[in-house]
Amino acid sequence: MAFNPSAKQIPLIKGAVFVAALLPFLWGALLVFGGELVDPLEYITHETGDWALYLLCTTLAVTPLRRFTGWNWLVRLRRMLGLYTFFYALLHFIAFFWFDHFFDVAAMLRDVAKRPFILVGFTAFVLLIPLAATSTNAMIKRLGGKRWQWLHRLIYLIAPLAILHFWWMKAAKNNLAQPTLFLVIVALLLGLRVYWSRTKTKAAQAPARV
């Protein structure tokens, strides 16, 4: 039976998800400022990148979960999950731009151009910016529903780029177990969308029965 929370329960669920998504940041800040880490930069870079991927997959999973379970209320969590994806991606970029290059734009761009996995990750981050910037109801109204939907389909390009970025980074260390898992998850989530889209198109093109 479908779980349909009441209007009073939805804010509680959203609050719980908000806190849960924030906990990795708070825990990381505690470790960094508490002096518990041997290499804080490496920890920040890896953890923020990993959590950006976790939340990206969670965001993409909302639609399949809603369709399989009938939990339509899950859609109300998608915007927050998407913004948290951007939040951790932004922290990941800041770690690269600040700690690695100390705000030297020229040095950062040289590094981006020189190392393909950084270029791919940087591209994915840049594409995330307009999605985060247009996540409000006001921007949806301003752009119009159709244009907003077309813009937010960039996520279907961002996700493979993020996986490729992670894959190339791990390939240098010959450690592909985790990237392979992410690849399978994202391929499944995007593959379901392709299947549903084709099914919908065939149904629309089928001749009406008399």
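Before I turn to the pockets, let me fix one term: by a pocket I mean an open set of grid points, on a 1 Å grid over the protein atoms alone, with protein on both sides within 12 Å along at least five of seven lines. In that sense, the second largest pocket of this protein, which we are looking at as a predicted model, has a volume of about 750 Å³.

Let me stay with that pocket for a moment. Its lining comprises 33 residues, and those that lie nearest the centre are Thr45, Gly49, His92, Phe117 and His165. Helix 2, helix 3, helix 5 and helix 8 each supply at least two residues of this lining, and helix 2 gives the most, with nine residues. By class, the lining of the second largest pocket holds 18 nonpolar, seven polar and eight charged residues.

Now to the largest pocket, which contains about 1,300 Å³ of space. Here 34 residues form the lining, and Thr63, Arg78, Trp148, His152 and Tyr156 are the ones nearest the centre. The helices that each supply at least two residues to the lining of the largest pocket are helix 2 (40–69), helix 3 (75–100), helix 5 (116–133), helix 7 (145–152), helix 8 (155–171) and helix 9 (177–205). Sorted by class, the lining of the largest pocket has 16 nonpolar, nine polar and nine charged residues.

As for the overall architecture, the protein has nine helices and zero strands, and its C-alpha atoms fill a box of roughly 70 × 40 × 40 Å along the principal axes.

I would like to finish with helix 3, which has 26 residues and spans 37 Å from its first C-alpha to its last, close to the 38 Å expected at 1.5 Å a residue. After helix 3 comes Phe102, whose phi is positive, near 50°.

How, then, is helix 3 placed against helix 4, residues 105–114? The two pack at an angle of about 115°, with their axes 9 Å apart. Helix 3 is therefore roughly perpendicular to helix 4, because angles of 65 to 115 degrees are counted in that class. On the helix 3 side of the contact are Phe93, Phe96 and Phe97, and these meet Val105, Met108, Asp111 and Val112 in helix 4. The residues of this contact divide into six nonpolar, no polar and one charged.

Key:
Residues are numbered from 1 along each chain as its sequence is written. This is a predicted model: local features need pLDDT of at least 70, side-chain atom pairs count only at pLDDT 80 or more; totals for chains, interfaces and linings use all residues. Side-chain values use heavy atoms; hydrogens and water are left out. On a 1 Å grid over the protein atoms alone, a cavity is a set of points where a 1.4 Å probe fits but cannot get out, and a pocket is an open set with protein on both sides within 12 Å along at least five of seven lines; lining residues have an atom within 4 Å of a point. Grid points are joined across faces, edges and corners, and a volume is the space filled by probe spheres set on the points. Helices (H or I, at least four residues) and strands (E, at least two) are DSSP runs, numbered from the N terminus. Ala, Val, Leu, Ile, Met, Phe, Trp, Tyr, Cys and Pro count as nonpolar, Asp, Glu, Lys and Arg as charged, and the others, Gly among them, as polar. The expected span of a helix is 1.5 Å times one less than its number of residues. Axes are lines fitted to C-alpha atoms, for helices over the stretch in contact, and angles run from 0 to 180 degrees between N-to-C directions. Angles under 35 degrees count as roughly parallel, over 145 as roughly antiparallel, 65 to 115 as roughly perpendicular and the rest as oblique. Contact means heavy atoms within 4.5 Å.
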